[in-house]
Structure formats: structure tokens, C-alpha cells
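Q: Could you take me through this structure feature by feature, giving the general idea and then the case at hand?

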Amino acid sequence: MGIRLLTNLVRFAVTYVIATVAVFFFMRAIPGDPAQIALGVNASPELLAKTRAEFGTDRPLIVQYFDWALGLPAGNFGTSYVTRQDISPLIIDRVQVSLILVVLAMLVALLIAVPFGTYAAVKHRNPSGIIISGVSQLGVAIPNFLAGILLVVVFAVGLGWLPANGWTPPGEDFGDFLARVFLPVLALASVQGAILTRYVRSAVMEVMSEDYLRTARSKGLGKLESLVKHGLRNASIPVLTVTSVQLAALIIGAVVIERVFVIPGLGSMLLDAVGNRDLLTVQSVVMVLVAITLIINLVVDVLYTILDPRIRKGA
Amino acid sequence: MSAKKNYCRLAAAAVVGSLVLTACSAGSGGNSSEGSAENTSVTVALTGEPVNLDFTTTAGAAIPQALMSNVYEGLVEIDQAGKIQPLLAESWELSNGNKTYTFKLREGATFSNGEAFTAEDVKFSIERVQSDAWVSSLKKKMDIVDSVEVNSDTEVAITLKQPSNAWLFDMGTLVGAIFDPSGVDDLAGTAIGTGPYEIDAWNRGQSIEFATREDYWGEAPTVENVSLRYFADAVATTNALQSGDVDVVYNMQSPELLSSFESDGKYQVLDGTSNGEIVLSMNNNMAPFDDLRVRQAVMHAIDRQAVVDTAWNGYGTVVGGPVPTTDPYYEDLNDVYPYDPAKAESLLAEAGAQDLDITFTVPTRPYATAVSEIVVSQLADVGINAKIESAEFPAVWLDEVFTKQDYQMSVVLAVESRDVLAMFNNPDYYLGYDNSKIKDLAAEADAADEAGYVDGMKQVVRTIVDDAAANTLFIFPNIVVAKAEVTGIPANSVTEALDLTNLGWK
């Protein structure tokens, strides 16, 4: 297990370094001069040169790269020359918002997927099971931003039950927080829930055809009882794999959903920063997203070994 | 057995959880739409959040829109009709061959950090614009100031290098903002001015909260708190208005959404004017638009009223020249180049430019995409095939069109106030207009008396239009949608400021 963990950590580090190089140089390749954007039209060449020197964007790229990349391990993202603020506290603020959104959405998605997926598997020949399967198919086909827009049109603009957008921190006014987080979480979770329902269903169906389950049944356990006692743990391995992949997809989905619902998370920070050519902020936000994705993979790998002793021994 | 219990608990939690969520949210959703704070606060929705609070170093309309008139004040201000009115100066006199302005300053005004406003602050602020501390391109508007003399705490004499009509107007815009010497350490994050509001909180990515200052020198604003909430696009703003989260949507950029509000008595729609011109640019330095006849053909080829009607639902004013209706030298110049496709075709034939292929660089802004489609179809009618190339705004557009001037035709909303000379009296500007005919005229007009200024500028503008330097499609409207009970909304956007002080409730 130790070697397995070590291999993973090395892979983590190498991926991260490659990502810094890619992010940094891709950002420099797109057209747009930060100094020109900061000064706008009518700026004289002298002012532009002065501002570039102030921003440090007139230095060789390689110097700029190391200046930035070497600060990352210490969590020092630098000072944005657009907002003139230290980036680190801003990112910490935004990360919390995005994580609340993503984790809530994942929980709700699982709360939808596990019972419905299991039910659809157990009743896969019944009309009710087939209906669940069909509805989830529909959910898979809808992009979450579309789900978000439709939810706003119906529940906020049409019925007026919920606010259309905005964000209140949970510590400030918990009721308002729930009201505002409800639709975006639902938009993210309904699509994720549909995808996961299909995976839970097929995983459970596969487990149900295993010999050990038939043995359990023959010992006198009921269908549901045998499944819960012997089946779910085995079915959870493929579901966990998909959940981790989907968690990464959910973070990407949150970028768009934050825009639709005007939520001040990492996604809206990223989009604003791209528009303003706030290169340091874009790079830093992307690296935080990369780190979150890599950490999820690392954690899931550890979870495998806990759930399945065979993986522990195999390593 | 314990596993089974867990499973059931999980399912129960799911049901209860979703019920709790629904219950809580339904309750507070109702609260926020019927908010009890309605009479003491107003929430205004805008698109495009300021990146920081420092307009002395950062361009863009968002920062002065939020801060001028509200947090920062100048010696004078520009009213809704475009006229200059006293603000921190009670009155002023001209002497020394119209070169020296002696301002009598208001007594008892203070900055939000408690410091008193005096003539020293005026001197400090103007000299700061001229120093390296300001890196905004607008700073050149203060180049004309020769000296600032402090006569007493309440009197300051400002001497210009030559008489200028434009300068006093500029003093009512952001370059005229008065700062306190001890309040400029963190302009990007802290705004300290003499205005009626101070910034209570800035929730980045969401809103700026303004609170009334109790020690404000002038009449207190009608409401105690104003919140400017920032959205990514127009649809999000009207959604927020309909669900009751905001009270006013200012400078609405999506007129196709208006129909549902116009017919609903719960809302008011204001069709104000702005100082922004939608300018269809033709690169005067590049073929085929280096030929006057080709530019004139474009002027005749485009039915500007049809552009407004199609692209912007009929909102906006067709004027025929690059001057907003609130400027003193405005006149209707629609007759210079009336819509006449036959004439356009004959001009193109004369120039030997039939079946012309051009590239039309369109910035990624709602107005630009809306305008470009109908412009392209009208150009096609006279034999100009314009190929649309999209340019991300501002980054790519500034780079390609503005800086490198590598374009043939483009369209942009020019938002600076009284910017006709900035656009056309500079041959290096991206429009590439040869200013030899207007340069001296413009200088004479600026130094003349007020009547001479207006007449001279009219002549300048007429020359620019005759030369078909650019096609001003229409003056951009300032559309406001608000709850019917909101009063005191400044419908016209005459300078960059959005004056919040009169907002209130019926």
C-alpha cells in the first residue's frame, strides 16, 4: 500500500508541474495585452511601456514563469495587476463557494442515484424500473446549464418561488443561503444524478448475477437483504470510480452554473479573469482546479483500498 | 441487519433533506421579494463589475460609473441635460483673457475619512493627474493646466495655458475628481471622497454596497443604502428584477427582453439617452476605405433607422454625426448622407470598386453582433461583400483593431463624453482620419467664447461627416427597467457617472 501511495504522489507532482507549464504558456499564446486592457483606448505608447514594466509583462517569459511557478507550492499566487489585490485570499474565498456547490450537488446526486439506481436494477423487468431508467436517460442528455436556465425560468421568473440568482454565505443568513443554493444545486445534481443512476443500476445488476449472491439467497436471505448485506459493497467500487470522474466533471459544470446563477465562485472568477486578461489570476485558478482534481483521484485511490481488501493485498 | 438499517436511514435522509431544503427556501424566497427594507434601500443591477476601485490607473466605464457623484465629487458636475453645474465650487469667475478660473469653494465639506475639503485638496488633485501617479489615458485632459494657486482655504485660482471651453466640462468628469492627500494610499481597494455615499462593503463577484454618510455637506440622499449588483449578462439582470431581487436594471443591453416589461404595470421602462455613439469604422488608411467615394458609398448604403429598428428594437437616436444629443454642439446631420443605395452603387462604380470583398471585424458585444448582421445585408445590396470576423472584446479587439490597426471595417460603442476630437483630431487613432482640415478649427473653437465654441465645433463635426470619416449609426440609448414605484432614476447617462443620490420610492 505504501508503494502504491508513493507512486500516486509522484504521479501527482509530475502532472502538476506539466500543468503549470501548459497553463502558463497557453495563456501567453492568446492575443491581448494586459497593459492595453488596463489603460483602454487612447493610451500613449509611453504609458503602455510604463504599465508593462509595472506589471512585469515586459520580462522574458521564462523569468515570468519561474517567478510564478516557484511561488505556487507555498500557496503564493502573487498580486494581480488588474485588481491590484493579493490573489491568494481571493481564491480561498471563492474556492469555498465552489466547493459548497459541488459537494452539495454530489450529495444530492448520490441521494438520487443510489436508491433509484438500486430500485431500477432490482425491478429491471418492472414498468417502474424501466421508467426510472428512461427518465435518467433523458437527464443524461440535458447539459446542466440548460437545466439551470429552465429551472430559473420556471421557479424564479415564472412562479416566483425562489430567487433567480445570487449568493448568500451560509454563515450570514442560512435560510437565504438555502433559497439561493437550491436551484443551482438542483441543476447540477439532476444531471449528475441521472448519470450516476445509470451506473448504480448496471453495477447492481452485475452484482445480482454473481454466484455469491445466489448462495446468499439460497441460505434464505431475501432479495433486498442479500443485496444490502453482500452486494452493495461490491457494487460500490465501479460507482466510486464513476463518482470521482463525475466529481471532476461537476467542478467544470460549476464554472458554467456559477455564471448562470451569478455565484461568486472559482468559475465566475476564472471567466472574469480571462476577459480582463488577468493572466496571473487565470493561471492560479486553473492550477487550483487541477490540484482539486488530482487530490480527488488520490483520495479515491485510498478509498479503493479500504473498500476492497484485494486491492490492498495486490499492491 | 445493521446494514439494512443504514440503507433505510439513507433513503429517509434523502426524503427529509429535500423537504427541508424546499421548506426553508420557499420561506426566504418570499421574504426577499417583499423585503421590508424597501423604503430605505434600492438595489440596482448592472453588467460588468469593476476590477478594482482605481480609475486613475484602470480604464473602463464600470469604476467611474459606481464612484463618480456618489463617492467622489468634482468642483462642477454635469446635469442630466449636459449642462455644467456647481458642486464643490459654489461659483467661479473667468479672468486673464479667459485663461484663469477662480473658484469659490464650498465650506464645511469633508471627506469620508473626516478630513476637511480645502483649496489644497484641489491643487493636490489636479497636480496628481499631471503626475506619474495617474496612468489613465484621460490624464491628458489636464495637460492644459498651467498652474494652480491656493488663494485661501476656500478659493483657488487655476490658470490654463490657453483659454479652453472643453476643460471646464472635463472638470465635471472623472479627471476632475477631488481626492484627499491622505486618502490615496489604496485607491484600488478604498475610495475616499466628499460624496454623499461611502462604500460599506464590496462583495467581489457580486455587489458594492453604498451607505449614506451622516456628515455629508449637501442634501442627504433619499434612501440610506444603495446596492449595485453586478451580473454577467442582461438576461440575468431581468431575471433578478422579475424574481424581486433587484429594483432597477440600469443601462440594459438587451432590448428584445423589454416587451414583457413595457406591457406590465408593475414596471417602468425609461428610454434615456447616453453619450455613447455606435461608430461603424472604416480604416481611412487602408484600401478600399482610403478612397473617399467608397466611404461615401457606405454612408449612402446604410439605412440607419432600419439598423436601429432591427438591431436595437427602435431604441436609440439616429443623428448622422458623431455627437450625442446632449452635447452643446449637437445638430441633426441625417441629411448629409441620406439612405440612397442607387447613389452608393454609382459612387462605387466611379471608384472602380464594384463587387468589393471586405472583412468586417466585429467585437463580441451584444450591440455589435446585432448591428453587424443588418449592416452586412445592406452592404450586400450595393455590391459590398462583408465577411464577418469575430474579435473577443476587449482583449483581441484592442489588439487587432485599435493597436495594430489591422482591419478594414469594425463597429464599436464609443462611450467617452465629448470624444469627437479624441476620435477624429488624431491621425494616429485607429480610425485614421486625416485631421489637417479640422485641427486649426478645433483649436480656435476651444479658445473662443461659448458661442464661438459651439459654432466652431459644429463646423468641425460637419467637416468630419462630409469626409465620411466614419458612419455614426446611432446614439446608444440608456435603457432602464425598474419597479414602477422607484423614483429619481437618472434616465440619461451624460457622463460616466451613475448618480444614485436621488433614488427613492413613491
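A: Let us begin with a pair of strands, bearing in mind throughout that the model is predicted. In chain B, β13(B) and strand β15 (residues 409–414) pair in the parallel sense, and two bridges hold this pairing. One of the positions can be named, since B:Phe360 has B:Met409 in β15(B) as its bridge partner.

Q: With which other strand does β13(B) pair in the parallel sense, and over how many bridges?
A: In general, strands of a sheet pair through backbone hydrogen bonds, either parallel or antiparallel. Here β13(B) pairs with strand β14 (residues 384–391) of chain B in the parallel sense, over eight bridges, and B:Pro363 stands opposite B:Ala391 in β14(B). Helix α10 (residues 366–381) of chain B belongs to the same picture, for β13(B), α10 and β14(B) make a right-handed β-α-β unit.

Q: Is strand β13 of chain B mostly covered or mostly open?
A: Strand β13, residues 356–363 of chain B, is mostly covered, with six of its eight residues buried.

Q: How should I read the order of strands in an open sheet, and which strands are at its edges?
A: The order names the strands as they lie side by side, and chain B has a four-stranded open sheet that reads β4-β5-β7-β6, with antiparallel pairing. The edge strands are β4 (89–95) and β6 (145–152) of chain B, each of which pairs on one side only. From one strand to the next, the twist averages 20°. Within this sheet, strand β5 (residues 100–105) and strand β7 (residues 155–160) of chain B run antiparallel and are joined by five bridges, and B:Thr102 stands opposite B:Ala157 in β7(B).

Q: Which helix lies across β5, β6 and β7 of chain B, and at what angle to β6(B) does it run?
A: That is helix α3 (residues 119–130) of chain B, which runs at about 165° to β6(B). A check on its length is available: at 1.5 Å a residue the twelve residues of α3(B) should span 16 Å, and because the end C-alpha atoms are 17 Å apart, the two values agree.

Q: Which residues of α3(B) are buried, and against what do they pack?
A: The buried residues are B:Ala119, B:Asp121, B:Val122, B:Ser125, B:Ile126 and B:Val129. Seen down the axis of α3(B), these buried residues fall within an arc of 160°, so they line one face of the helix. They pack against β5, β6 and β7 of chain B.

Q: What should I look for in the backbone angles?
A: Most residues other than glycine have a negative phi, and most peptide bonds are trans. B:Asn96 has a positive phi of about 55° although it is not a glycine, and B:Asn96 sits in the loop between β4 and β5 of chain B. A second case is B:Asn251, another residue that is not glycine, with a positive phi near 50°; B:Asn251 is in the loop between β11 (248–249) and α6 (259–262) of chain B.

Q: Why does B:Asn96 count as exposed, and why does B:Asn251 count as buried?
A: The classification rests on counting neighbours, where 20 or more other C-beta atoms within 10 Å make a residue buried and 12 or fewer make a residue exposed. B:Asn96 has 12 C-beta neighbours inside 10 Å and therefore counts as exposed, whereas B:Asn251 has 23 and therefore counts as buried.

Q: Where are cis peptide bonds found in chain B?
A: One joins B:Ala287 and B:Pro288, with omega about 0°, and B:Pro288 is in the loop between β12 (267–282) and α7 (292–301) of chain B. Another runs from B:Phe393 to B:Pro394, with omega near 0°, and B:Pro394 lies in the loop between β14 and α11 (395–403) of chain B.

Q: How many helices and strands does chain A have, and how many of its residues are in contact with chain B?
A: Chain A has 13 helices and zero strands, and 40% of its 315 residues count as buried. Along the principal axes, the C-alpha atoms of chain A fill a box of roughly 85 × 55 × 35 Å. As for the interface, 49 residues of chain A are in contact with 46 residues of chain B. The largest share of the side of chain A that touches chain B comes from α8(A), which gives five residues.

Terms used
Residues numbered from 1 in each chain as written. Chains lettered and ligands numbered in written order. Predicted model: local features only at pLDDT ≥ 70, side-chain atom pairs only at ≥ 80, totals over all residues. Pairing = 2+ DSSP bridges. Axes fitted to C-alpha atoms, helices over the stretch in contact; angles between N-to-C directions. Contact = placed C-beta atoms within 7 Å. Expected span 1.5 Å × (residues − 1). Arc of directions from axis to C-beta. Right-handed = clockwise from strand over helix to strand, strands pointing away.
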